[in-house]
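Dear colleague,

I am handing over the structure below, and after it I set out what was found in it. Please read the notes with the structure open beside them.

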Amino acid sequence: MQKGNTYYEDYQIKYTEYNGTTLEFLEEQGSVYDSLLLVLERVPDLRARLKNPKDTITFFAMTNNSFTNAIDAMNAIRAAGNRPHLFLEDIPQPLIDTLTYHYAFNGLHDTESLKDFVEGKEIRSIDDYRMTMKYKVSSASGIIEGDNSKLY
């Protein structure tokens, strides 16, 4: 008699391809990207590119938690200086533009294009900001080929 759950032994990697635009994908994820979608309303040129199915753009989408952490940290510093808190709606437009465009890149930058760059690959964002993308494989904790691969 064999005991236990065979999830790990039966696990198979499944690759899926989303049939839609990046913007549609973000909108369909429930409340995961609400903050990003709010910011993209303030950056209409980038929003239009993410909505265009013919535009090839790589975009690192920040979740609500990322925005919460950043806003909380910023407001802690502002509070220490006796300055009022800011929220996404209050951040000056030039700063919103800059921070958003830093995470958008012309062309396709996928896992395959980064695997050979052990130290990462310098890529210029669409606003010409220098960023380093890095592919990293982490321990899978027992799942064969079920690694925790990430792009940075």
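To begin with a single residue, asparagine 82 lies in the loop between H5 and H6. Please keep in mind throughout that this is a predicted model. The phi of asparagine 82 is near 55°, which is a positive value in a residue other than glycine, and this asparagine comes after H5 in the chain. Its relative accessible area is 72%, so asparagine 82 counts as exposed, the cut-off for that class being over 50%.

A second residue belongs beside this one in the notes. Aspartate 128, although it is not a glycine, has a positive phi of about 70°, and its place is in the loop between strand E3 (121-124) and strand E4 (130-133). With a relative accessibility of 52%, aspartate 128 is exposed as well.

The helix that precedes asparagine 82 deserves a closer description. H5 is made up of 17 residues and spans 24 Å from its first C-alpha to its last, which is close to the 24 Å expected at 1.5 Å a residue. Which residues of H5 are buried? They are Asn64, Phe67, Ile71, Asn75 and Arg78, and because they cover an arc of only 60° around the axis, they sit on the same side of H5. On the other side of the helix, Asn65, Asn69, Ile77 and Ala80 are exposed. As for what the buried side meets, the buried residues of H5 pack against helix H3 (34-41).

H5 also takes part in a pocket. The second largest pocket has a volume of about 320 Å³, and of the 14 residues that line it, Phe67, Ala70, Leu88, Ile91 and Leu99 are the closest to its centre. Phe67 thus appears in two of these descriptions, being one of the buried residues of H5 and also one of the residues closest to the centre of this pocket. Helix H5 (64-80) and helix H6 (93-101) each supply at least two residues of the lining, and the largest share, five residues, comes from H5. What is the make-up of the lining of the second largest pocket by class? It has 12 nonpolar residues, two polar ones and no charged ones, a point you may wish to have at hand when you look at this pocket.

With kind regards

Definitions and conventions:
Residues numbered from 1 in each chain as written. Predicted model: local features only at pLDDT ≥ 70, side-chain atom pairs only at ≥ 80, totals over all residues. Heavy atoms only, no water. 1 Å grid on protein atoms, 1.4 Å probe; cavity = no way out; pocket = protein on both sides within 12 Å on 5 of 7 lines; lining within 4 Å. Points joined across faces, edges and corners; volume = space filled by probe spheres on them. Helix = DSSP H or I, 4+ residues; strand = E, 2+ residues; numbered from the N terminus. Nonpolar A, V, L, I, M, F, W, Y, C, P; charged D, E, K, R; others polar. Buried < 20%, exposed > 50% of the residue type's maximum accessible area, 1.4 Å probe, protein only. Expected span 1.5 Å × (residues − 1). Arc of directions from axis to C-beta. Contact = heavy atoms within 4.5 Å.
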